[in-house]
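Student: Could you show me how to read a pocket and a bound ligand in a model?

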Amino acid sequence: MKLSIEKSKQFVPAETLERLAACSAPANELLESGKGAGNDFLGWVHLPSSITGEFLAEVQATADLLREKCEVVVVAGIGGSYLGARAVNEALASSFDAILPKRKDPIVVYAGNNIGEDYLADLFEILKKKTFGIINISKSGTTTETALAFRLLKTLLEEKVGKEEARKLIVAVTDARKGALRTLATQEGYKTFVIPDNVGGRFSVLTPVGLIAIAAAGHDIKKLVQGAADMEKALGTDVPYAKNLAAQYAVMRNALYQFGKKTEILVNFNPRLHYFAEWWKQLYGESEGKDRKGIFPASVDFTTDLHSMGQWIQDGERSIFETVISVKKPIRKVEIPSDNENLDGLNFLAGKRVDEVNKMAELGTQLAHVDGGVPNLKIEIDKLDEYNLGQLIYFFERACGISGYMLGVNPFNQPGVEAYKKNMFALLNKPGYEAESKAMKKRLLGK
Ligand code: PA5
């Protein structure tokens, strides 16, 4: 993996970069020493290097069981209990995975990440005609979106195959001891995996939260973990700033933020990375957006969004910077044919691969946006495979921890996500929320 920050340097004074670079080492050190805010959630820091082959084999065996028995695997989870698995699965799969004619792998679909009635009805209509299993993921076990979807999915599965068989097709990933899902799983005898106490949702993709669903989709979790473990070594406190890519990224984004660049846009030129950006948005948004501070993490898929958001980025308010994930080599090959009539005027591209055109779009966009006053950071990976994704995941996690500490926030809590839940429970008259319900009714009546 390579990080290039050259095309951002002109937007911040060199002294700022030097000052912040000096702060990055103590911030990185806090992740090791555990003396910083949120230090009870640092289990992800050495997670990749501590995953054993035995543990991966257990995850794989569970995934294989679902793979043998199911045409569809439904992953029920939301936020940190969902985005990592989807990010990796979509980055590694055919963009047309769901309609591949001959499949050896089950189709992995997602539920419990919204409360759309049509979404659930559409899903159940398909599931009625397929063999399916469920991976239910919830650390708290009480998240409404996930619990609701699971209740419906479980009912459907039990109706279809009977209670006994359904039990074998359900995997629960949850807290070791507490929560409604733990109780339910113990009572029903589901195969369970533990979400470590000291790993928060958005840092949990390399725990069973992400690994089972990724293995169920047919991807190599050993290589994913290996990539992350190698990156863990490359970003440690013993690695100096000049070589520490996570520190460099954290420094540059904090410098840009201090000079008015309040929004970071994660850019890809490969549609398979759409959900990777969704994962990244949660990681940075939930970690840094607090105490009335934090870069707003946004994302675009290029060149698609150059035809919509391109105008704003080129020419709108100069409060943004871009971080491009550039994939050096495509997995597949498509060559542009020559055409005798050349009515579309595209013969100048004949013989080239589609990716050559994409790369020129990428370079042209970078130059145009930098000319237009948009600082540009580029992260280059060799190809979209498990190893490189593992590297990218750990890189962004480590940089996020460093960056959050440099910003002066606790990067590992998320107090802000409770507000909507409290209102929703009050509106739904959830037991225990009587006082809030009463206050809510008064408020809505304008009293
Ligand atoms: O990062 C987080 O903590 C959140 O996004 C949670 O992962 C999300 O709310 C789901 O929570 P749970 O796993 O308890 O169902």
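Here is a short dialogue on the pocket, the ligand and the backbone.

Tutor: Before we start, this is a predicted model, where local features need pLDDT of at least 70, side-chain atom pairs count only at pLDDT 80 or more, and totals for chains, interfaces and linings use all residues. Residues are numbered from 1 along each chain as its sequence is written, and side-chain values use heavy atoms, with hydrogens and water left out.

Student: How much space lies in the largest pocket?

Tutor: A pocket is an open set of points on a 1 Å grid over the protein atoms alone, where a 1.4 Å probe fits, with protein on both sides within 12 Å along at least five of seven lines. Its volume is the space filled by probe spheres set on the points. Here the largest pocket holds about 1,100 Å³.

Student: Which residues of the lining lie nearest its centre?

Tutor: Lining residues have an atom within 4 Å of a point. There are 43 of them here, with S140, T143, Q414, V417 and K421 nearest the centre.

Student: And which helix gives the most to that lining?

Tutor: Helices are DSSP runs of H or I with at least four residues, strands are E runs of at least two, and both are numbered from the N terminus. In this model α16 gives the most, five residues.

Student: Where does the ligand sit?

Tutor: A molecule sits in a pocket if more than half of its atoms lie within 2 Å of the pocket's grid points. By that test, the ligand is in the largest pocket. A residue is near it if a heavy atom lies within 4 Å; 13 residues surround the ligand, and S81, S138, S140, T143 and Q282 are the closest.

Student: What about polar contacts to the ligand?

Tutor: Those are pairs of N or O atoms within 3.5 Å. A polar side-chain atom of S81 is 2.6 Å from a ligand oxygen, a side-chain N or O atom of S138 is also 2.6 Å from a ligand oxygen, and for T143 the distance is 2.5 Å.

Student: Anything in the backbone?

Tutor: Yes, the F302 to T303 peptide bond is cis, with omega near 5°, and T303 is in the loop between β8 and α13. D291, in the loop between α12 and β8, has a positive phi of about 55° although it is not a glycine.

Technical notes
A polar contact is a pair of N or O atoms within 3.5 Å; within protein, one must be able to donate a hydrogen and the other to accept it, and residues adjacent in sequence count only if both atoms are side-chain atoms.
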